[in-house]
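Please have the sequence and the 3D view open side by side. This report covers a few backbone features and then one contact between domains.

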Amino acid sequence: MEKSIRVNVNGKTVEATVEPRLLLVHFLREVAALTGTHVGCETTVCGACTVLLEGRAVKSCTVLAVQADGRKVETIEGLAHNGALHPVQEAFWNEHGLQCGFCTPGMIMTSVQLLSDQPDPSREEIRHGIEGNLCRCTGYMHIVNAVRAAAKKMAARA
Amino acid sequence: MATTTPTKVEAYVGKRMRRQEDPRLITGAATYADDIKKPGMLYAMILRSPHGAARIRGLRTEAAAKAPGVYAVFTGADVAGVGPVPCAISLPGLRVPKHTILATNRVYYVGHAVAVVVATDRYKAADALELIEADYDPLPAVSDPEKALEKGAAAVHPEWPDNIAFTQHTEGGDLKKAFAEAGVIVKQRIVSQRLIPTAMETRGVVAEWSPGDKNLSIWSSTQIPHLMRTQVALMLGIPENHLRVVTPEVGGGFGSKVNVYAEEALMGFIAMKINKPVKWIESRRENFQATIHGRGHVDYAELSAAKDGTITGLKIKIIQDLGAYHQLLGPLMPVLSVLMMPGIYNFHNVEADIVGVFTNAVPTDAYRGAGRPEATHVIERMVDILAAELKMDPAEIRLKNFPSKDDFPFSTATGLVYDSGEYDKPLRRAMQILEYPKTRQAQADARKQGRHVGIGISTYGEICAFGPSPATPAGGWESATVRIEPTAKVTVMTGASPHGQGQETSFAQLAADAFGVTPDDITVLHGDTAVVQYGIGTFGSRATAVGGTAVYLALQDLQAKCRKFAAHMLGVAPDDVQAEGGVYSSARSSKTVTFGDVALEAHICRNLPPGLEPGLVATRFFEPSNFAFPFGAHIAHVEVDGETGEVKILRYIAVDDCGKVINPLLVDGQVHGGVAQGLGQALLEEAVYDEGGQLVTGELMTYAIPKAHHVPEIESERTETPSPVNPLGVKGVGEAGTIGCSPSLVNAVVDALAPLGVRHIDMPMTPQRVWRAISERSRA
């Protein structure tokens, strides 16, 4: 029943033989040893497990590892390059867009995808764009500030 | 004796600084409980009761025990030697059911743990869990606290058929006289519904036994590592100094992790029993079923006043849904409510009765605000109901009843002494921001067009910075050790246990200013009982007011000692030394020495000053003389859709006074998050058990916590009234937003619908509930 898979995780190939039922989030956390992706609900509601699969934000608690076979996955650990934070990470830091930090990796990955679809979202659009990610600490306002700040910075760079 | 003349440059305290803790959190490098991996670690999963009440007829675990990868299965009989889950509250006549860590012959709520499977991984453990055959004889259950008090109700605990856990009567002043002389008395039944705290990280425990030295280590997602260590050592019967408790990164608590849970002792027991590291991570479903809930109040309130709106007395009966057991602090919640029931109004006649009720539900305990949101909700609703009755403006009636600035310290009818306050200031400022008269006029205009626009005011006061030890269940002090290393780096060890609040930053700000260094030179350690001196923990908006003060005192000790070293190095008397920006100088010497020179000299001691010990370490314990009492005014401006019952928040203004502020950015974050949780209670959230005790809102799909688009832009400002209770002048802000929020929203919605004759709506004000209130009134 077990199946060999090769998943490109943050630019590196991870090969493993896995049970078909293994969730992508458990593959990332336990096989690839990347624990930045969190499990908050197991029912696709909270978004703490959000990663990019072929560039699209998915909730990795409801994707099977075998579905990622031969595909590209980006996690929070892959965002910074050569020690330089991604503008979204930097903005979450500057704007106090996190408190306990548990939802943060998923929230950041969703924001990255949001900004790639909509480089200049309004506050309202951000609020709707991140509605699949729950945060219990911040009341979201500083997260919205962070996404706005990241959008500005990324526009200035482009 | 060194002079205490402040010579430091306040460079970082008060500054809007981004956090020291964030780099690990935004890169996925932080270590939460589920990220811990130990060699040979096993994985535990818990079988939980599907029934609200049932007799366990049989548990057959043989098949599970033989399943692939399974190491062991334990049931209640196996863990009978482990002590019960503790409750720290003692109240006269309190009935305390024995709360074993696994159920024995009966289950009392859905989610009650009955067995645990230990396997090589979580999938195999889940498979094996399904092989346990549990036979139950379901029994009648009762989950509504008022129904539990009715004659003939099912008995949660057969030995106490009235379902009453305790009652308490409190009196202050002369309520009978106040009521007899009152110009008006208004009455209302008000519900503060059961809520599920829903930290984004569920609970998680890892335990590891070291048989050689008989040391047990427990990593747990907790807010109280030291208290938990004491209690779990007692439960397991091991010496406390052979138990190390570590809180890894904690993904939110909101009170739900101010507890000692069965699973913490259970994992410790298993690790010792099978001599393997073991991990248990709570699923979200378990988190909803088995981690404490909050609120669960039904309040019957009567408020008396003179015809001119002068409030004279309050009578209150609280029916508190306690659930099936007491967790650590549960029965204290309604007691805290009673203390704060008078709110911030100048009246002194109170009578309060509490009936604590057992129900077939998970225990209620401290959830953000813990007793104070319930109290504030009641008094703030009652004041609005009174204003409506007297046709007074809700702002005017509040301003009329505040104690004045000169009345402080202000003694209340419930025996508290409010430390400091200027209660009208935040309200006047919030009204100014809203342009109150203009907005009232616009409301009148909107009403003429048939629109339902409302303005809701809440002026809250809260009790926090817990607190003087005699008034708290397990010590109200906090500890700090500050250590200056030979290289002039500073290590701060706090007994508080921050988990998102940001004290790694705010305490670094305090320490940086004390020695003229930068926050990057400071490391703040917490949450490891092998590293940090005994402490109490983070809850009740206490970490900065009490824990920060302990840090401040230790810093002062070290400033004085550094000054002595510097004086000796400069060849002058300590009183003649100036310290500024990390440089020590003296008018009596042409030399200067730096903080770095002092730190090194204190360790290498080339020329130790007579009478001075080497080293730069100070430990201080701060015992506050009183609680601190933050306050503020929140105003919600809303419009209700008459067709759908949907509440739209037009503006939300929060003017809070939490005393002195160390980092405004962090305070904003606390206010926003607090408001969002108050809004969740006001509009969205309710833990619902059905008549059989089934938890209907058992998942995030059915229990609605606020999403980004539910929460408005919060217009947050502050007034600053220092607390005299601690030298930092801080009060606390962790819970203020939650406490201030819910009454402002309910008052706003009721105000919007007042022309229809609506006088009160209970929470959560879902569209359905609001629509029903509208349609009932429209028909009437």
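## Cis peptide bonds before proline

Start with Pro764(B), in a model that is predicted. Pro764(B) sits in a loop of chain B, after helix H18 (736-753) and before helix H19 (767-779). The peptide bond that joins Met763(B) to Pro764(B) is cis. Its omega is about -5 degrees.

Chain B has another cis bond to look at, from Phe408(B) to Pro409(B). Here omega is near -5 degrees. Pro409(B) also belongs to a loop, the one between helix H11 (394-401) and strand S16 (410-411) of chain B.

## Asparagines with positive phi

Now turn to two asparagines. Asn10(A) is not a glycine, yet its phi is positive, near 50 degrees. Look for Asn10(A) in the loop of chain A that links strand S1 (3-9) to strand S2 (12-18). Is Asn10(A) buried or exposed? Neither label fits: Asn10(A) counts as partly exposed, because it has 18 C-beta neighbours inside 10 Å, and a residue needs 20 or more to be buried and 12 or fewer to be exposed.

Asn163(B) also has a positive phi, near 65 degrees. This residue lies in a loop of chain B, with helix H4 (145-148) on one side and strand S7 (164-172) on the other. How many other C-beta atoms lie within 10 Å of Asn163(B)? There are 24, so Asn163(B) is buried.

## Two domains of chain B

The domain assignment of chain B lists two domains, each written as two segments. Domain 1 takes in 22-29 and 468-622. Domain 2 takes in 422-453 and 629-779. Their C-alpha centres are 40 Å apart.

The two domains of chain B touch. Domain 1 gives 13 residues to the contact, and domain 2 gives 13 residues.

## The domain 1 side of the contact

Which elements give two or more residues to the side of domain 1 of chain B that touches domain 2? They are helix H14 (503-515) and helix H15 (543-570) of chain B. H15(B) gives the most to this side, with 5 residues.

By class, polar residues lead on the domain 1 side, with 9. Nonpolar residues number 3, and there is 1 charged residue.

Notes
Residues are numbered from 1 along each chain as its sequence is written. Chains are lettered from A and ligands numbered from 1 in the order in which they are written. This is a predicted model: local features need pLDDT of at least 70, side-chain atom pairs count only at pLDDT 80 or more; totals for chains, interfaces and linings use all residues. Helices (H or I, at least four residues) and strands (E, at least two) are DSSP runs, numbered from the N terminus. Domain bounds come from an automatic or database domain assignment. Two residues are in contact if their C-beta atoms, placed from the backbone, lie within 7 Å. Ala, Val, Leu, Ile, Met, Phe, Trp, Tyr, Cys and Pro count as nonpolar, Asp, Glu, Lys and Arg as charged, and the others, Gly among them, as polar.
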